[in-house]
Amino acid sequence: MKLDELIKISELETVNMETKARLDRTNIEGWLKTVAGFSNAAGGSFFIGVEDGSSKLIGFERKAADSERNFFNNQVNEHIYPRPSMHISFVRYEKNERELFIIRVDVNESPVKPVILKFNNIPSIYMRRDGFTNGATYEEIIQMSIKSQKTQFDMLDSDEEYNRDDFKTLQNFYNSHNDGKELSDKALASIGFFNREKKLKNGAVLFKDDYNDTKTEVLCSVFSGFNKGSERVVTVNRNTLNLVDSINYMIEFVKQRMNHSFVKLPEGRINIDSYPERALFEGIINAVAHRDYFLDGTQIQLDMFKDRLEISSPGSFYQGDKFGKTYDLSNVISKRRNELICDILVKCNVMEAAGTGFDKITQEYEKADNNHKPYIYSTSDHFTLVLPDLTYEEGLQHDDSVLHIEYAPVNNGTSYDEKVLAYCYEYARKISEIADYLKLSNSSYLRDVILGNLEKQNYLEVVKIGRAKGYRTNKESVTLS
C-alpha cells in the first residue's frame with residue numbers, strides 16, 4: 001500500500017514533503033534539519049513509517065508508533081530552537097487484518113526566525129527550497145531575521161541625513177507624472193521617507209541622485225535568437241543607478257531596440273510596437289517595486305529575444321509564494337515586499353495602491369492571440385514577467401511548458417536534453433511520461449542515449465515512482481535562469 005492511497009496528496013504538496021521508514025538513530029541531524037528547514041520556509045509535512053522514494057507504507061504497531069513519536073518529540077525539543085510550531089498525528093490503516101499506524105508531522109512556518117538546529121554544540125540554519133533541504137545562505141538568514149521582526153529592508157533606518165537637494169531626480173519624476181506639482185518635504189515625511197531625526201530610510205537612499213551601488217543593479221541584454229544558451233549575445237549593458245534613473249534607463253533600452261510594424265486597414269493602418277508602452281512601463285515598475293533588496297550580488301534582468309521580452313526581478317513573490325507559471329495575471333496578487341518604495345511610486349502616480357499593474361498588462365494584450373499572451377513564472381529566488389513581441393507573427397517560439405534553465409554543456413548530449421531537464425525539474429517523472437512528453441517511443445534510444453547519458457553525468461537522478469523507475473533533475477547541476 002502506498003501513501004497516496006491513504007492520504008490525498010497533490011503534486012504541489014510533494015515538494016514540501018519528506019518520508020522516512022524509521023527515524024535514524026545514527027544520523028539524527030539528517031532528519032532534524034528537514035524539520036528546521038520546513039520551519040524556516042513555508043512549512044511542510046514529515047511522514048514516519050513511509051519508505052523514502054517508493055512511498056510504500058511500512059507502518060508501526062500502536063506501541064511502537066507511540067515510542068517513535070516520543071523519540072521524535074524529544075529530539076526536536078533538545079536540538080531545535082525555538083521549538084517549531086507543528087501538529088503530530090497518527091494515521092491508521094490495516095494490512096492483513098493488522099492495525100498499523102504511520103506518524104504525520106505537519107510543520108508550520110515559524111513566526112520567529114531563523115529556527116536553529118544545534119547538534120554537537122554546533123548551531124546550523126537550514127532552508128527548504130524546491131523539495132530539498134540545504135544550509136541557508138547569508139542573504140536568506142538576514143531575510144529571515146528581518147521578516148521575523150516584520151520589518152522590511154526599505155523601512156530600516158540608514159545613517160544618511162535627508163537633504164532636499166539630493167533628490168532632484170525624484171522631484172522631477174514626481175513633477176512629470178503629477179501635472180507639474182511639487183513633491184514637498186511634508187509629503188515625503190508622511191510616508192516615512194525619513195525619521196524624526198531626518199535620517200533617511202534604506203529605501204529612500206536608493207532614490208538619491210548620486211546613488212551608485214549594487215542594490216539597484218540592472219543587466220539589460222539582447223539575444224539574436226530564442227534562448228540564452230545557444231544564441232549570440234548582441235548587446236549587454238549593466239548599470240547601478242538610482243531607482244528613478246534605473247526605471248527610465250530600462251524603458252529607453254527596450255524602446256530603442258524593439259521593432260515597429262503596422263496592420264493595414266481599409267481606411268489606413270494601425271501602428272504596432274513590439275511591446276505596448278503601458279505594459280512595458282508596468283512590468284518595469286513592478287520589478288523595481290517588488291525586488292528583494294536584501295539579495296546582494298543579484299540584479300534586475302531585461303532579456304530581449306527574437307519573440308519576447310523577459311523582465312526578471314530577484315526574490316520570489318513576497319512571503320515565499322511560488323506558483324510556477326501562470327497566464328492569469330489579473331489574479332496574481334502583488335504582496336508588498338518594499339512598503340516605502342511602493343509608497344514613493346504610488347505618490348509619484350506611476351503605481352496604484354490597489355496593485356492593478358498586472359491588470360493593465362492584460363488589457364494591453366487583450367486582442368492578442370494565444371501565441372502572444374503574456375505570463376509570469378515565479379521560483380524560490382526570482383520572478384519573471386514575459387511579454388511576447390507583437391510584431392513577431394509566429395508568436396512565442398520556445399516551448400512554454402518548459403522552465404527556463406541553465407546548465408553546463410552535456411557531453412555527447414542530444415537535442416532533447418533541455419526539454420528533459422526542464423520537464424523533470426519540479427517533479428520526478430516516469431520514463432513513460434517522459435516518452436509521451438517528447439513524443440518518442442519508450443525505446444533503448446530514450447532510456448540509454450538520452451536519459452542514461454544524463455544520469456551518468458549527474459544531470460538526472462534516478463527515483464522510484466511506485467514500482468516504476470523515474471527521473472528527477474539534479475538541482476546541483478541544473479539551475480533556473
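## Two helices crossing

In this predicted model, helix α14 (residues 431-438) packs against helix α15 (residues 444-456) at an angle of about 85 degrees, and their axes are 11 Å apart. Angles of 65 to 115 degrees count as roughly perpendicular, so that is the label for α14 and α15.

Who touches whom here? On the α14 side you'll find I431, I434, A435 and L438, and they meet L446, R447 and L451 of α15. Sort the residues of this contact by type and you get six nonpolar, no polar and one charged. Arg counts as charged, so the charged one is R447 of α15.

## A four-stranded sheet with a helix across it

Now to the sheet. Strands of a sheet pair through backbone hydrogen bonds, either parallel or antiparallel. In this open sheet of four strands the pairing is antiparallel, and the order reads β3-β6-β7-β8. At the edges sit β3 (80-81) and β8 (132-135), each pairing on one side only.

Looking inside the sheet, β6 (residues 116-119) and β7 (residues 122-129) run antiparallel and are joined by four bridges. One residue match to look for is F119, whose bridge partner in β7 is I122. Helix α3 (residues 28-40) lies across β3, β6, β7 and β8, and runs at about 60 degrees to β7.

## Aromatic pairs

How many aromatic pairs does the model have? The count comes to 16. Take W31 and F72: their ring centres are 5.8 Å apart and their planes sit at 20 degrees, so this pair is stacked. The two rings come from distant parts of the chain, with W31 in helix α3 and F72 in helix α4 (residues 62-79), 41 residues apart. Are W31 and F72 buried or exposed? Both are buried. Ring pairs also tie W31 and F72 into a cluster with F46 and F71.

Y249 and F253 make another aromatic pair, this one tilted, with 6.3 Å from centre to centre and 40 degrees between the planes. Both residues belong to helix α9 (residues 243-257), where they are four residues apart, or about one turn of the helix. As for burial, Y249 has 25% relative accessibility, so it counts as partly exposed. F253 has a relative accessible area of 2% and is therefore buried; the cut-off for buried is under 20%.

Methods. Residues numbered from 1 in each chain as written. Predicted model: local features only at pLDDT ≥ 70, side-chain atom pairs only at ≥ 80, totals over all residues. Heavy atoms only, no water. Pairing = 2+ DSSP bridges. Contact = heavy atoms within 4.5 Å. Axes fitted to C-alpha atoms, helices over the stretch in contact; angles between N-to-C directions. Parallel < 35°, antiparallel > 145°, perpendicular 65-115°, else oblique. Phe/Tyr/Trp six-rings, centres within 6.5 Å; stacked < 30°, edge-to-face > 60°. Buried < 20%, exposed > 50% of the residue type's maximum accessible area, 1.4 Å probe, protein only.
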